[in-house]
Amino acid sequence: MKKNKILAITFTILALLVTHLACIIITHDYVQGYYAAKYMGASAPAELAFLWLIPFGFGTLLFTMLAISFYRKYKMSLVQHDKSSTLKNPTNIPESIDENTKK
């Protein structure tokens, strides 16, 4: 139960890190390619930097899907745990209070 929550948070953080890293790397490569083409006579266009979107987009999508999957498993375990505790104690009175009132 808690493992799924930790994994969901971990993959969410990884997805956010990948998107921020993608922005930094793509911006750097674009600017470097733009000035290389403009002032140093490079033949490759600066738009080649956008090819980095393919691996970064795949990683972001993968981490996001894993985070959603683990979050749903965590939520389902909470619902199942709540149903099982309701079946054991249908009045939703804590057992310690219930025992004290019976005495």
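The predictor's confidence in each residue is given by pLDDT, a score from 0 to 100. The structure shown here is a predicted model, so this score is a helpful place to begin. Across the chain the average pLDDT is 85, and 79% of the residues score at least 70. Confidence is not spread evenly over the elements: α1 has the highest mean pLDDT, 95, whereas helix α3, covering residues 95-102, has the lowest, 56.

With that in mind, the inside of the model can be explored. In soluble globular proteins, nonpolar side chains tend to be buried together. Here, the largest nonpolar core has 10 residues, namely A8, F11, A15, V18, A22, I26, F56, F63, A67 and F70. Two elements, α1 and α2, each give two or more residues to this core. Helix α1 provides the largest share, 6 residues.

A closer look at single residues shows how parts of the chain that lie apart in sequence meet in space. Once residues up to four places away in sequence are set aside, A8 touches A67, F70 and Y71. Of these partners, A67 and F70 belong to the largest nonpolar core, as does A8 itself. N4, a residue of helix α1, offers a second example. Because its relative accessible area is 14%, under the 20% limit, N4 counts as buried. Its contacts, again leaving aside neighbours within four places in sequence, are F70, K73 and Y74. F70 thus appears among the contacts of A8 and also among those of N4.

L53 gives another view of this arrangement. This residue is found in helix α2, which spans residues 53-88. L53 counts as partly exposed because its relative accessibility, 48%, falls between the 20% and 50% limits. Although 31 residues separate L53 from A22 along the chain, the C-alpha atoms of the two are 7.2 Å apart. Beyond residues up to four places away in sequence, L53 touches I26 and F58. Both A22 and I26 are members of the largest nonpolar core.

Nonpolar residues are also found on the outside of the model. V31, Y34, Y35, Y39 and M40 make a nonpolar surface patch of about 580 Å². One of these residues, M40, sits in the loop between α1 (2-39) and α2 (53-88). Is M40 buried or exposed? With a relative accessibility of 67%, which is over the 50% limit, M40 counts as exposed.

Methods: Residues are numbered from 1 along each chain as its sequence is written. This is a predicted model: local features need pLDDT of at least 70, side-chain atom pairs count only at pLDDT 80 or more; totals for chains, interfaces and linings use all residues. Side-chain values use heavy atoms; hydrogens and water are left out. Patches are made of residues with over 30% relative accessible area and no salt bridge: like charges are joined within 9 Å, nonpolar side chains (Val, Leu, Ile, Met, Phe, Trp, Tyr) within 5 Å. Accessible areas come from the Shrake-Rupley method with a 1.4 Å probe; for residues, only the protein chains shown count as cover. A salt bridge is a side-chain nitrogen of Lys or Arg within 4 Å of a carboxyl oxygen of Asp or Glu. Helices (H or I, at least four residues) and strands (E, at least two) are DSSP runs, numbered from the N terminus. Buried means under 20% relative accessible area, exposed over 50%, partly exposed in between (1.4 Å probe, protein chains only). A nonpolar core is a set of buried Ala, Val, Leu, Ile, Met, Phe, Trp, Tyr and Cys residues joined through side-chain atoms within 4.5 Å. Contact means heavy atoms within 4.5 Å.
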